[in-house]
Amino acid sequence: MASSEPAKRRAKGKAATIMRSAADQLSELLGRPPESVSALKRTEDGWEADVEVLELERIPDTTSVLASYKVSLDDEGDLVEYRRTRRYTRGQIDRLT
């Protein structure tokens, strides 16, 4: 069991690096800082992440407009593609159906 422990740590470290990479590269392209990475998934070709970005700051803060971007990265963590998938106000709550 001890031999798989370093592999697990490397995988966690890689995922954290990929999350930062996705947020940083998208921020550089959009010129806006990311709020968070809300999802990260390993794919056959690399990684997919959902990154939340503040698009329009308003007062009160709950009316600010955010957007969710789907970001695709290769195995090395380089951004290959991104697209905006959703815009919403910060105070909006998703309803489960």
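**Exercise 1. Find the distance and the locations for the salt bridge between Arg-84 and Glu-55.**

Start with the cut-off: a salt bridge here needs a side-chain nitrogen of Lys or Arg within 4 Å of a carboxyl oxygen of Asp or Glu. Arg-84 and Glu-55 pass, with 3.1 Å from N to O. Next, place them: Arg-84 sits in strand β4 and Glu-55 in strand β2, 29 residues apart, so the pair links distant parts of the chain. Strands are DSSP E runs of at least two residues, helices are H or I runs of at least four, and both are numbered from the N terminus.

A word on the input: this is a predicted model, where local features need pLDDT of at least 70 and side-chain atom pairs count only at pLDDT 80 or more, while totals for chains, interfaces and linings use all residues. Residues are numbered from 1 along each chain as its sequence is written, and side-chain values use heavy atoms, with hydrogens and water left out.

**Exercise 2. Sort Arg-84 and Glu-55 into buried, partly exposed or exposed.**

The scale first: buried means under 20% relative accessible area, exposed means over 50%, and partly exposed is in between (1.4 Å probe, protein chains only). Arg-84 comes out at 46%, so call it partly exposed. Glu-55 has 14%, so that one is buried.

**Exercise 3. Work out which parts of the chain the Asp-61 and Arg-90 salt bridge ties together.**

Check the geometry: the two side chains meet at 3.2 Å, N to O. Then locate them: Asp-61 is in the loop between β2 and β3, and Arg-90 is in the segment after β4, so the bridge ties together parts 29 residues apart in sequence. Both ends are partly exposed, Asp-61 at 41% and Arg-90 at 29%. Finally, look for shared partners: Glu-35, Asp-61 and Arg-90 join into one network. The whole count comes to seven salt bridges.

**Exercise 4. Describe how strand β3 is paired and how enclosed it is.**

Take the pairing rule: two strands pair if DSSP finds at least two bridges between them. On one side, β3 pairs with β2 (residues 46–56) in the antiparallel sense over 10 bridges, and Glu-52 stands opposite Ser-68. Nine bridges join β3 to β4 (residues 79–89), also running antiparallel, with Leu-66 partnered by Tyr-88. Four residues lie between the strands of the β3 and β4 hairpin, where Gly-77 takes a positive phi near 95 degrees. Now the burial: eight of the 10 residues of β3 (residues 65–74) are buried, so the strand is largely enclosed by the rest of the structure.

**Exercise 5. List which elements build the largest nonpolar core, then follow Tyr-69.**

A nonpolar core is a set of buried Ala, Val, Leu, Ile, Met, Phe, Trp, Tyr and Cys residues joined through side-chain atoms within 4.5 Å. The largest one has 12 residues, among them Ile-18, Leu-26, Trp-47, Val-51, Tyr-69 and Leu-73. The elements giving two or more residues to this core are α1 (4–30), β2 and β3. For Tyr-69, use contacts, meaning heavy atoms within 4.5 Å. Leaving out residues up to four places away in sequence, Tyr-69 touches Leu-26, Leu-30, Val-51, Glu-55 and Arg-84, among others. So the tyrosine's contacts include both partners from Exercise 1, Glu-55 and Arg-84.
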